[in-house]
Amino acid sequence: MITTPKPSAITSEAILESLSRAVEQELDRKRRLGHYYVTSENGEIVFHGEDAPTTKSSEPKAAR
């Protein structure tokens with residue numbers, strides 16, 4: 001009889017850790033390249049970085 005080992009269970013903690021690591025790596029890459037990035041803080045959109053758009057120019061344009 002041949003048995004195959006059961007795959008290890010992936011926990012939600014492992015998934016969250018992996019996603020957090022991936023986000024940190026991407027944000028670090030953007031910082032090194034001089035690109036801005038966008039986050040949401042307290043329900044507000046926040047631009048980060050030296051080349052980030054200003055608040056006035058980042059407002060959505062009216063629908064035509």
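Arginine 21 and glutamate 17 are a good place to start: their side chains form a salt bridge, with the closest N and O atoms 3.3 Å apart. The term salt bridge here stands for a side-chain nitrogen of Lys or Arg within 4 Å of a carboxyl oxygen of Asp or Glu. The model is predicted, so local features need pLDDT of at least 70 and side-chain atom pairs count only at pLDDT 80 or more, while totals for chains, interfaces and linings use all residues. Residues are numbered from 1 along each chain as its sequence is written, and side-chain values use heavy atoms, leaving out hydrogens and water.

Both partners of this first pair lie in helix 1, four residues apart, about one turn of the helix. Helices (H or I, at least four residues) and strands (E, at least two) are DSSP runs, numbered from the N terminus. An α-helix has 3.6 residues a turn, so residues three or four places apart point the same way. Arginine 21 counts as partly exposed because its relative accessibility is 44%; buried means under 20% relative accessible area, exposed over 50%, and partly exposed in between, with a 1.4 Å probe and protein chains only.

How many salt bridges does a search of the whole structure find? There are three. In another of them, the side chains of glutamate 26 and arginine 29 meet at 2.7 Å, N to O. These two are three residues apart in helix 1, and therefore about one helical turn separates them. Glutamate 26 is partly exposed at 33% relative accessibility, and arginine 29 is partly exposed too, at 35%. Arginine 32 also pairs with aspartate 28, their closest N and O atoms being 3.1 Å apart. Here the spacing is four residues, again about one helical turn in helix 1. Arginine 32 is exposed, with a relative accessible area of 62%, whereas aspartate 28 is partly exposed at 34%.

Now follow the helix itself. With 22 residues at 1.5 Å a residue, helix 1 should span 32 Å, and its end C-alpha atoms are indeed 32 Å apart; the expected span is 1.5 Å times one less than the number of residues. Just before helix 1 (12-33) comes the segment that holds isoleucine 10, a residue that counts as exposed because its relative accessibility is 65%. Ile10 joins Ile15 and Leu19 in a nonpolar surface patch, with about 320 Å² of accessible area together. Patches are made of residues with over 30% relative accessible area and no salt bridge, joining like charges within 9 Å and nonpolar side chains (Val, Leu, Ile, Met, Phe, Trp, Tyr) within 5 Å. Accessible areas come from the Shrake-Rupley method with a 1.4 Å probe, and for residues only the protein chains shown count as cover.

After helix 1 comes glycine 34, with a positive phi near 80°. Further on, strand 1 (residues 37-41) and strand 2 (residues 44-48) pair in the antiparallel sense over five bridges; strands pair if DSSP finds at least two bridges between them. Tyrosine 37 stands opposite histidine 48, and threonine 39 has valine 46 as its bridge partner. The two strands form a hairpin with two residues between them, and asparagine 42 in the turn has a positive phi of about 55°.

Finally, a word on confidence. The chain averages a pLDDT of 83, and 81% of the residues score at least 70; pLDDT is the predictor's confidence in each residue, from 0 to 100.
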